[in-house]
Amino acid sequence: MTQETAAATTDAVLDREETISRDELEALQLSRLQHTVAYAYDRVLLYKRKFDEAGVHPADLRELSDLAKFPFTTKEDLRLEYPFGMFAVPQNEVARIHASSGTTGRATVVGYTKKDLADWAKLVARSLRASGVRPGMKVHNAYGYGLFTGGMGAHAGAEALGCTVIPISGGQTERQITLIQDFKPDAILATPTYLLTIADAMIKQGIDPASTSLKYAVLGAEPWTEEMRHELETTMNLKACDIYGLSEVMGPGVAGEAVETQDGSHIWEDHFRPEIIDAFDPTVVLGDGEPGELVFTSLTKEALPIIRYRTKDLTRLLPGTARPAHRRMGRITGRSDDMIILRGVNLFPSQIEEIALRIPELSPHFQLELTRPEGHRMDQMTVKIERRDTVTVEGAAAAAKVLQQQIKIHVGSSCAVDVVDPGSLERSNGKLRRIYDMRPKG
């Protein structure tokens, strides 16, 4: 540990809940869990229906292990209840609404009361502080603002910590570099691959990325490896830590990594109860240390209580270290569904299909190829799609440009498009394979 890192860990004033014992924490969890389950049952029709169909009642939750008796909540539940069917409070008590992009036009909508927003800001602040950020620091926030929870969630947390926030949002890489040089921020919030993009652009401009004022990077919104951490820390001369969250559970700040250990994100278990289930047999709840699918139950949310939400993220739970009572998440190793995370943007094959079928020249036959070309450090996606029989090669080239633009606008990620001849792609033999992952393994 460097002298600077050691100083960052000793001058932090922790929340009381970060310092309590595991027994105290689990007692708090049980009390809050019992309240949340009853609250959701009484206020959200979907939960009443699902609990009744499963033959369970809030009174059945007498100890923490009883949570396994209750049914899961899925992203599909939120889509079916679009837009506000999952809300547990009247509309006039909802202070803010966020939403994630939907595969068929239906987003997953989440709401927050004023208390929810205050709790969210507190937990993001806790996560940033754990990662080395301190009051008075300037924080360059390169997460996207808008309906996506990342930008505003990180912003509010940094302000709650007492930082000066620079709300640059995502994109405009040249401007990002200018502001980093001129404003001299201490910390940056971004996806790991976008921070890599910034570093690469600096090098192309003749700027040494290690010469900036940045000391800390708090990175999330996509899985990343220890190799990526090493690359960023070495290239930019900073400490890089993970932050975890998802909009359905809260947004960023569900878990955060400590700068002094950098050994996985501690889940803030005073506000969330995590479980790991077998992704292939969800009735099986796995023990700590066993890999599986991560499930979350909220303990304090008012507008959108969430009971046993299946995140589809594959990881494992580990004992706490820097915050001993709060268990850690291992690195996310993948997802149990077919969602693609490309440079921090979540996308599904059905989104590509929806966009492509609005373009008359293109057929429904397509594949998605994921590659990491030699000499490149970021993943790339190519959409291979057939043209219609009546479309010329020139018409296909024009359609490819339209598809590429529409994917960038509606999905938010850049990709290559290769329009191929009719009949040249594999057809379905029952279950069509859309995704061809050709990235190097390991």
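How many residues does helix H9 (residues 192-204) have, and how far does H9 reach from its first C-alpha to its last? The points below take up that helix and then the rest of the structure, which is a predicted model.

1. Helix H9. This helix has 13 residues and reaches 19 Å from its first C-alpha to its last, close to the 18 Å expected at 1.5 Å a residue. Its buried residues are Pro192, Thr193, Tyr194, Leu195, Leu196, Ile198, Ala199, Ala201 and Met202. They pack against two helices, H8 (173-183) and H10 (226-236), and against two strands, E5 (187-190) and E6 (216-219).

2. Helix H7. Residues 149-161 form H7, and the end C-alpha atoms of this helix are 18 Å apart; that agrees with expectation, because 13 residues at 1.5 Å a residue should span 18 Å. Buried in H7 are Thr149, Gly150, Gly151, Gly153, Ala154, His155, Gly157, Ala158 and Leu161. After H7 comes Gly162, with a positive phi near 100°.

3. Nonpolar cores. The largest nonpolar core has 70 residues, and the members that touch the most others are Tyr47, Phe51, Leu128, Val133, Tyr244 and Phe296. Leu128 touches Val133, Ala154, Gly157, Ala158, Leu161, Leu189 and Val218, with residues up to four places away in sequence not counted. A second core, separate from this one, has 24 residues, including Ala142, Ile177, Met228 and Ala240. Among the residues that Leu128 touches, Ala154, Gly157, Ala158 and Leu161 are also listed as buried in H7.

4. Cavity. The structure holds one cavity of 30 Å³ or more, and the volume of the largest cavity is about 70 Å³. Which residues line the largest cavity? They are Tyr112, Asp116, Asp119, Trp120, Met250, Phe272, Thr300 and Lys301. By type, the lining divides into four nonpolar residues, one polar and three charged. Helix H6 (residues 114-130) gives the largest share of the lining, with three residues.

5. Leu294. This residue is found in strand E12 (residues 292-298). Leu294 has 0% relative accessibility and therefore counts as buried, the cut-off being under 20%. Leaving aside neighbours within four places in sequence, its contacts are Tyr244, Pro274, Glu275, Ile276, Tyr309, Arg310, Thr311, Lys312, Asp313, Thr315, Leu317 and Met329. One of these contacts, Tyr244, is also among the residues of the largest core that touch the most other members. The C-alpha atoms of Leu294 and Arg308 are separated by 9.4 Å, with the two positions 14 residues apart along the chain counted as their separation.

6. Backbone points to check. Most residues other than glycine have a negative phi, and most peptide bonds are trans. Arg308 is not a glycine, yet has a positive phi of about 50°. Arg308 lies in the loop between E12 and strand E13 (309-315). Is Arg308 buried or exposed? Its relative accessible area is 2%, so Arg308 is buried. Asn237 likewise is not a glycine and has a positive phi, of about 55°. Asn237 is found in the loop between H10 and strand E7 (239-246) and, at 54% relative accessibility, counts as exposed. The peptide bond that joins Tyr82 and Pro83 is cis, with omega about 0°. Pro83 lies in the loop between helix H5 (75-80) and strand E1 (96-100).

7. Ala322. The loop between strand E14 (317-318) and strand E15 (328-329) contains Ala322. Ala322 and Ser265 are 57 residues apart in sequence, and their C-alpha atoms are 9.9 Å apart in space. Neighbours within four places in sequence left aside, Ala322 is in contact with Ala258, Glu260, Thr261 and His266.

8. Val284. This residue lies in the loop between strand E10 (272-277) and strand E11 (285-286). With a relative accessible area of 30%, Val284 is partly exposed. Val284 touches Ile276, Ile277 and Asp278, not counting residues up to four places away in sequence. The C-alpha atoms of Val284 and Lys75 are separated by 20 Å, and the two residues are 209 residues apart along the chain.

Note on methods
Residues are numbered from 1 along each chain as its sequence is written. This is a predicted model: local features need pLDDT of at least 70, side-chain atom pairs count only at pLDDT 80 or more; totals for chains, interfaces and linings use all residues. Side-chain values use heavy atoms; hydrogens and water are left out. On a 1 Å grid over the protein atoms alone, a cavity is a set of points where a 1.4 Å probe fits but cannot get out, and a pocket is an open set with protein on both sides within 12 Å along at least five of seven lines; lining residues have an atom within 4 Å of a point. Grid points are joined across faces, edges and corners, and a volume is the space filled by probe spheres set on the points. Helices (H or I, at least four residues) and strands (E, at least two) are DSSP runs, numbered from the N terminus. Ala, Val, Leu, Ile, Met, Phe, Trp, Tyr, Cys and Pro count as nonpolar, Asp, Glu, Lys and Arg as charged, and the others, Gly among them, as polar. A nonpolar core is a set of buried Ala, Val, Leu, Ile, Met, Phe, Trp, Tyr and Cys residues joined through side-chain atoms within 4.5 Å. Buried means under 20% relative accessible area, exposed over 50%, partly exposed in between (1.4 Å probe, protein chains only). Contact means heavy atoms within 4.5 Å. The expected span of a helix is 1.5 Å times one less than its number of residues.
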